[in-house]
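This report describes the fold of one protein chain. Please look over the sequence and the model before reading on.

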Amino acid sequence: MTTDILPAVLADLQAHPVPGVVVDSPPGAGKSTLVVRAARHIAATGEPLAVVAQTNEQVDDLIANLATTAPDLPIGRLSAQGYAPVARIAAHRNVAVDTAVAGLAGCRVIVGTAAKWERLTEGSWPWAIVDEAYQMRSDALLKVIGRFARTLFVGDPGQLDPFSTVETERWAGLSWDPQLSAVAVLLRHNPTAPLHRLPVSWRLPATAAPVVSEAFYPFTGFTSGTALGDRRLDFATHAFGSSPVDATLATAAETGWALHELPARHSMRTDAEVAEACAELALRLLQRGPFAFSEKFPAGAPVSADRIAIGTAHRDQAAAVRQYLPDDAGITVDTANRLQGREYDVTIVWHPLSGRRDATAFHLEAGRLCVLTSRHRHACIVVARAGITELLDAHPSTGRMYLNEIVKFPDGWEANQAVMSHLERHRVAAG
């Protein structure tokens, strides 16, 4: 077991000269648990706490976790007009929902999205927690930070950067670049701000943590909380014959990874063959009756449809995959942006560079591939057309450099090369 960093984090939050504390967390390192524990500790002092998340899904997840672990704690959900509480929120009597802070009087913890907090015109809080802080743009932080006396920032530095639909080149290199994350701007203006790190991933198995750590966290590496052999993926039924799909599933079950490689071809973004392969792998996985053995379930537990996810880079790719799945399949199919922060037993990934003629900045984004390859507890299957390594070699990283710009390592080209180098040892030819 690792040392509990919460006491040190809370001590810095309460007394450090800089009123902002950062906690970096690799995938599955217990970030959500830390946020819930910190929120309960602060709420126990009797002082009000504001919690800022980035999406409604994250807000609901946080509230559900907090309400379950602290059933007597009054919690408020700051919502938009027309919000209907989802089942996991409505099930808790200690959760109130309102569109205004005034309607949540008496709640010791109020949770809402950054966009909702931005719209407040009055009020202040002695304590705040910003969850998924690396997803929050700095301009969004500036709109709300004045309402909080002391703030804890928790997030994963390897995940997707804040997204903007407008051109941001004009601000590149400036210390207040709105495209920078909230954490980047905080640390740039407050270099002495306390920075803590969670060093162990409890999600990623021992087969995955070294790969993800080397590719996406080269200077702040982490380890798996489990050892080789602690987790196992078995099937209730045997495969008949030697189809590429069953061979891929066998490779993934044995090694934790598989590259289901289709023939090289330049294709449309919504490549029908890749979409069908993703769906076929997921459905065949369910047909085989998968059982996951782990430290949580030493006797094994069935891998149900809701424990399988198919991740893509684009929404139209996700829609293409769904066309090959039954309406009641129950398998999650979504983009990296929406899968961020979630966990499954097995993930199937449509590689962002599959079938492409070029390697754009969007498709080389290290955070996107990091999210897609770090959601699983047991196995990750990557589906792609052959030729990605050659594509990377033909498109070396040539992005512009700006004075005073914060350089993020590794860049997407290097991260993609590292992942492909590993996947090539687990290749299964499909077709």
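The text below moves from the whole chain to its cores, its strands, one helix and its cysteines.

**Overall form**

The structure is a predicted model. The chain is built from 16 helices and 19 strands. Its C-alpha trace spans about 65 × 55 × 45 Å along the principal axes. A compact globule of 431 residues would have a radius of gyration near 22 Å, and the chain agrees with that, at 22 Å. Of the 431 residues, 52% are buried. Among contacts with a separation of 6 or more, 75% join residues that are 24 or more positions apart.

**Two nonpolar cores**

The largest nonpolar core holds 35 residues, and the ones with the most contacts inside it are Val 23, Leu 49, Ile 75, Val 109, Ile 129 and Leu 152. Elements that each supply at least two residues of this core include helix H1 (6-15), helix H2 (31-44), helix H3 (56-69) and strand S2 (49-53). Helix H2 gives the most, with seven residues. What does Val 23 touch, leaving aside residues up to four places away in sequence? Its contacts include Ile 5, Val 9, Leu 34, Leu 152, Phe 153, His 196 and Leu 198.

A second core, separate from the one above, has 33 residues, including Leu 249, Leu 262, Val 346 and Val 383.

**The annotated domain and strand S17**

An unreviewed UniProt entry places the feature "domain: DNA2/NAM7 helicase-like C-terminal" at residues 266-385. This span is 32% helix and 27% strand, and its end C-alpha atoms lie 9 Å apart.

Strand S17 (residues 344-350) is mostly covered, with seven of its seven residues buried. S17 runs parallel to strand S15 (residues 308-312), and four bridges join them. Ile 308 has Val 346 of S17 as its bridge partner. S17 also runs parallel to strand S18 (residues 376-385), through six bridges. Here Ile 348 stands opposite Ile 381 of S18.

The table lists three strand pairings.

| Strand pair | Sense | Bridges |
|---|---|---|
| S15 and S17 | parallel | four |
| S17 and S18 | parallel | six |
| S13 and S14 | antiparallel | two |

**An open sheet of three strands**

Strands S11, S13 and S14 form an open sheet in the order S11-S13-S14, with antiparallel pairing. Why does one side of S11 and of S14 lack a neighbour in the sheet? Strand S11 (232-235) and strand S14 (301-302) stand at the edges and have a single partner strand each, so one side of each is left free of a neighbour in the sheet. In the pairing of S13 with S14, Ala 292 stands opposite Ala 301.

**Helix H7**

Helix H7 covers residues 182-189, and its buried residues are Ala 182, Val 183, Ala 184, Val 185 and Leu 186. Their cover includes strand S1 (20-24), helix H6 (138-144) and strand S7 (148-155).

**Cysteines**

How many disulfides does the chain have? The count is zero. Cys 380 is in no disulfide, as the nearest cysteine sulfur, that of Cys 278, is 11 Å away. Is Cys 380 buried or exposed? Cys 380 has 0% relative accessibility, so it counts as buried. Cys 107 is also buried, with a relative accessible area of 14%.

Key: Residues numbered from 1 in each chain as written. Predicted model: local features only at pLDDT ≥ 70, side-chain atom pairs only at ≥ 80, totals over all residues. Heavy atoms only, no water. Buried < 20%, exposed > 50% of the residue type's maximum accessible area, 1.4 Å probe, protein only. Contact = heavy atoms within 4.5 Å. Pairing = 2+ DSSP bridges. Disulfide = S-S within 2.5 Å. UniProt positions renumbered as here; feature names shortened; annotations may be inferred. Core = buried A, V, L, I, M, F, W, Y, C linked by side-chain atoms within 4.5 Å. Rg over C-alpha atoms; globule rule 2.2 N^0.38 Å.
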